[in-house]
Amino acid sequence: MSELFVCEKPSVARDLATAISGGYKEAEGHYVGNDGKIYTYAFGHLVNCVPPESINVDWGWKGNVNKLPFFVKDIPLTVIDNPGVKKQYKTIITLMKKSELVYIATDAGREGEHIFRKIYSLSGVQKPLKRIWIQNMTKEGMIKAFKNAKDGSHYEGLAIAGKLREESDLIIGMNSTMMVTKLSKSSKVLSLGRVQTPTLAMVVNRDKTIEGFSKMVHYSIAATDSKGFKYELVLGKDSHLTKEDTQFILNSLRGRTAFDITLKNKEEKPEKLFDLTELQKYMNERYKWSADQTLNITQALYEKKYVTYPRTGSQYIADDSELPALIDKHASHEWVNKILSKGYKIESSFIDPSKVTDHEAIIITSNVANNLLGDEATLYDVIFTRFLAAFYPNAVKEETVASFMDQEHTFKAKESALVDLGWRELYGEVLQEGKLKHAALNDIGEYSLIQKETKPPKRYTEGTLLHDMKYAAKFLDEASDKKMIKTVEGIGTSATRAAVIEKLVERGFIERKKNQIISTILGRELIEMMPKDFSLYSVKLTAFFETMLSQVEHGELNQETFYDELEGLVKRISEEIKGNVKTLSSAAAPLKESIAQCPKCKKPIYENSKAYSCSGFKEGCKTTIWKNGLEKLGKKNITKTEAGKLFLGKTIIVNLKTKQGKAYKSDVVFNMDKNWIEFDK
């Protein structure tokens, strides 16, 4: 039987051919396995929905805004208008027609499924389908996925959900964006969307709260002992005393009694394994990395077979049956050696198949990473340490509370000392000797009146913004709404949240300042244009959509019902826009379109007539991709899309020519140290 594997990128096709077929020979747009199996690939998305204006001219930027909103079901598909994409699409279709069985081997998730299904749907080919769900890019992981391949019908719900997600985002985004931009007479495109707009609203609202914050001065009473421990007056939650009230209490104090010391050992489990959002949050807090940077480097480690699939929303694994063999591969490491010699097992609460949907937590693989450098080494060490810490015993902290009474008032001092390292040993922590337990009443000095003040919330960082996107239930009041949004894990997904933040930066709605995320004047004007109850501002809307998509995926909701809900929402949003749209101030003047973020200085990259250059050139940054950088090799121009991918550190495949004029394809990357494009080694 002739079998075809359709992968998401060339590197995966090569790895899969090596694992399943024991090797391969390269052919035009595909690889032939040693056993005759065929492996082909996309370059991410090859097929997209057609532009709305190609269906009806009034549904585009040149149309009549009064004819909006548009609504259409089952938006037709088209191959992306790029010669290389069209050629590869044709190759895949030709191979599918020749095959007897097609394996879907794109990335294991809704978007990966959607990439294949769009190609398959547009082609009109009808062949038996099987699905390979690769979570681990090691040879063992790919062979296991192949052996466990399921019939393609098992993933029909996932495929439909992917289709409806793209269509709903396009319909909501295009209608809202065109209507707000045109009706407000803005000279800049004012982009709206069901995930990016509530995210922007979160940032704007936080900034306005901070800037409108009025601090409140309040007071308390404390006494310090000879070891420096502070015994402070115990007040009710959210209680704030005036200076006069505090002084009155201070004057009433007569003598200390009922001195008491209580000790309690508190065990601390290891920190949960990483999902993508928690890993991005950790790297932002610890190393000031952007969410996008963390995702790209985790993806690189995955493709090098050192970590499991990155775009996961789970912090759990389904079972521990493969862990002994995995751990044994790393036995030369001192931490692993201790795990083996002591017989440590992974924290049992981290094994929960009910909390694993598409993918398990991000952990290491059986491949030992010996030669990593720079950011890849840093990130791998973080994932490696978190995973091994899950095997170590609980840490133990000695919690001490010393207290006394004075009249009816209670004063307390607290101390927490690490008395058993457990998993914290892996983070370089040391044992501590508790001192408060030796305190005595006679060691405590005189009372003093202390002044305090309330503080505003902190500005968002990428880490805290990602956290609030994931735990967006905190912004809702109704218990049913909170439950719904918790079920779908907030707004956006682990795979898309970083891209949402990047879009908001690129469009000039938010900016990064010293690891803080701050809304721009344009971003604020956009949010302030509409009333607070505008549908697109609420996290409830996107949670509602993710809930419906999840129901579609699991066969609990049909397409027609989804379309009915979508159409009603589009009409409501349009009515809200038409009734409230305003003209923006001059502060919302057009901004240059940022191609990407500079990999060196993090400033925007802009296009000019000859190149894509960093805007930080005045500060000495020379990061540049010349449009004619591959002209001598037969490619006249580097496109804006290609440049954007190259600046992100991605490998792209390009059509080149030899000196003799023979066409060929090659993977190329951007060498930012030398400022040129080179072949991917």
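A pocket here is an open set of grid points with protein on both sides within 12 Å along at least five of seven lines. Keep that in mind as you open this predicted model.

**Stop one: the second largest pocket**

Start by selecting Trp133, Gln135, Lys144, Asp358 and Glu360, the lining residues that lie nearest the centre of the second largest pocket. You're looking at a volume of about 1,100 Å³, with 40 residues lining it. Now colour helices H4 (139-147), H5 (156-183) and H10 (323-328): each of them supplies at least two residues of that lining. H4 gives the largest share, with four residues. Colour the wall by class and you'll get 16 nonpolar, 13 polar and 11 charged residues.

**Stop two: the H3 and H5 crossing**

Leave H5 on screen and add helix H3, residues 110-123. The two axes come within 8 Å and cross at roughly 85°. Angles from 65 to 115 degrees count as roughly perpendicular, so that is what H3 is to H5. To see who touches whom, show side chains on Arg110, Glu111, Glu113, His114, Arg117 and Lys118 of H3. Then, on H5, pick out Glu156, Leu158, Ala159, Ala161, Gly162, Lys163, Arg165 and Glu166. Which classes meet here? The contact of H3 with H5 has nine charged residues, along with three nonpolar and two polar ones.

**Stop three: the cavity**

Next, hunt for enclosed space: the structure holds one cavity of 30 Å³ or more. The largest cavity takes in about 40 Å³. Select Val12, Ala105, Thr106, Asp107, Ala108, Ile134, Met137 and Tyr302, and you have its lining. That set splits into six nonpolar residues, one polar and one charged.

**Last stop: H13 against H15**

Finally, jump to helix H13 (residues 462-470) and helix H15 (residues 497-506). How far apart are their axes, and at what angle do the helices pack? The axes are 11 Å apart and the angle is about 120°, which means H13 sits oblique to H15. Turn the view until one helix lies over the other, and you'll find that H13 passes H15 in a right-handed crossing. On the H13 side, show Glu462, Leu465, Leu466, Met469 and Lys470; across from them in H15 are Arg497, Ala498, Val500 and Ile501. By class, this contact of H13 with H15 has six nonpolar residues, three charged and no polar.

Terms used. Residues numbered from 1 in each chain as written. Predicted model: local features only at pLDDT ≥ 70, side-chain atom pairs only at ≥ 80, totals over all residues. Heavy atoms only, no water. Axes fitted to C-alpha atoms, helices over the stretch in contact; angles between N-to-C directions. Parallel < 35°, antiparallel > 145°, perpendicular 65-115°, else oblique. Left-handed = near helix turned anticlockwise from the far one by under 90°. Contact = heavy atoms within 4.5 Å. Nonpolar A, V, L, I, M, F, W, Y, C, P; charged D, E, K, R; others polar. 1 Å grid on protein atoms, 1.4 Å probe; cavity = no way out; pocket = protein on both sides within 12 Å on 5 of 7 lines; lining within 4 Å. Points joined across faces, edges and corners; volume = space filled by probe spheres on them.
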